[in-house]
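Let's work through some exercises together, each with a solution that goes step by step. Keep the view open and follow along at your own pace.

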Amino acid sequence: KTVAWILVAGLPVWLFARNYPVLDFHRFTLCETYGQDLLKSFEPDSLVLVSGDNDLFTLWYLQEAQGARPDLRVINTSIDDPYRERLKHLYPDLILPPRIFGADLVKVLMRTHIPRRPVYIAGVPGAMFSAYGLLGNPYTVQPHGLAMKVVPRFNPASDDLDLWRSFEFRMPAGRPEMENSFAREITYLYGMARYNAALLYNQNG
């Protein structure tokens, strides 16, 4: 009976010791590093259209909690009525036609802002490119760091290598970092950004 109680009492301690390296986040700054590198991908005074939790909440956190890059207009591509009202308050000059939602509203935002400021997308799945008019009808995308700039024409001579060299990201090495699901996710985002860039440059000669 005493042995059983010792085993029961010791189980939480054993589990804690075994999982602590994976659950210890006090020195884990990879998410902030990703956010800072993502912010470097945008020119001043850009409109940034974002889809996906990793990019959206990272940028919102850095802007609202740390005061980083207040010049950027970071907008979630999923715009419903309450969010539309908030955007009107945040950006009074933002053109948001009534009764237009979804991909059509994203296209309006791009069309009305491209003549006035740089427009970027981040975290937008490739499946939405056609609906947003980003397959040459009328715009395309140009790789720019971890984001893509919406442009009228692709420029094969454009090179963002210096931007990538300025990034703080370093590949996590071995245990316990790569056992952390966040580390794997962030590493994947960097890898996908380079993969998508290579794909676009290959498609455009």
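**Exercise 1. Find how strand β5 is paired and how well it is covered.**

Step 1. Start with strand β4 (residues 140-144): 5 bridges join β4 to β5, and the two run antiparallel. Helices (H or I, at least four residues) and strands (E, at least two) are DSSP runs, numbered from the N terminus. Two strands pair if DSSP finds at least two bridges between them.

Step 2. Look across the pair: Thr140 stands opposite Val151 in β5.

Step 3. Now look at the turn. β4 and β5 form a hairpin with 2 residues between them, and Gly145 in the turn has a positive phi of about 65°.

Step 4. Turn to β3, which is joined to β5 by 2 bridges and runs antiparallel to it. Here Tyr120 has Lys149 in β5 as its bridge partner.

Step 5. Check the covering: of the 5 residues of β5 (residues 147-151), 4 are buried, so the strand is mostly covered. Buried means under 20% relative accessible area, exposed over 50%, and partly exposed in between (1.4 Å probe, protein chains only).

A word on the model before we go on. It is predicted, so local features need pLDDT of at least 70 and side-chain atom pairs count only at pLDDT 80 or more, while totals for chains, interfaces and linings use all residues. Residues are numbered from 1 along each chain as its sequence is written, and side-chain values use heavy atoms, with hydrogens and water left out.

**Exercise 2. Describe the ring pair of Phe42 and Tyr120.**

Step 1. A search of the whole structure finds 9 aromatic pairs. In the pair of Phe42 and Tyr120, the ring centres are 5.4 Å apart and the planes are at 70°, so the pair is edge-to-face. Rings of Phe, Tyr and Trp (its six-membered ring) pair if their centres lie within 6.5 Å; planes under 30 degrees apart count as stacked, over 60 as edge-to-face and the rest as tilted.

Step 2. Place both residues: Phe42 lies in the loop between α2 and β1 and Tyr120 in strand β3, so the pair ties together parts that are 78 residues apart in sequence.

Step 3. Check how covered they are. Phe42 counts as buried because its relative accessibility is 3%, and Tyr120 counts as buried at 0%.

Step 4. For another aromatic group, find the cluster formed by Tyr34, Trp164, Phe167, Phe169 and Tyr190.

**Exercise 3. Where is Arg117, and what does its side chain reach?**

Step 1. Arg117 is in the loop between α5 (102-113) and β3. With a relative accessible area of 11%, Arg117 is buried.

Step 2. Follow the side chain of Arg117 to the backbone oxygen of Asp45, at 3.4 Å. The side chains of Arg117 and His113 are joined by a polar contact of 2.7 Å. A polar contact is a pair of N or O atoms within 3.5 Å; within protein, one must be able to donate a hydrogen and the other to accept it, and residues adjacent in sequence count only if both atoms are side-chain atoms.

Step 3. Move to the partner: His113 is in helix α5 and is buried, with a relative accessible area of 0%.

Step 4. List the neighbours, not counting residues up to four places away in sequence. Arg117 touches Asp45, Ser46, Leu47, Arg73 and Asp93, and His113 touches Leu47, Arg73, Leu94, Ile95 and Val119. Contact means heavy atoms within 4.5 Å.

**Exercise 4. Check the span of helix α3 and find what covers its buried residues.**

Step 1. At 1.5 Å a residue, the 12 residues of α3 (residues 53-64) should span 16 Å, and the end C-alpha atoms are 16 Å apart, which agrees. The expected span is 1.5 Å times one less than the number of residues.

Step 2. The buried residues of α3 are Asp55, Leu56, Thr58, Leu59, Leu62 and Gln63. An α-helix has 3.6 residues a turn, so residues three or four places apart point the same way.

Step 3. What covers these buried residues includes α2 (30-40), β1 (47-50), β2 (73-76) and β3 (119-122).
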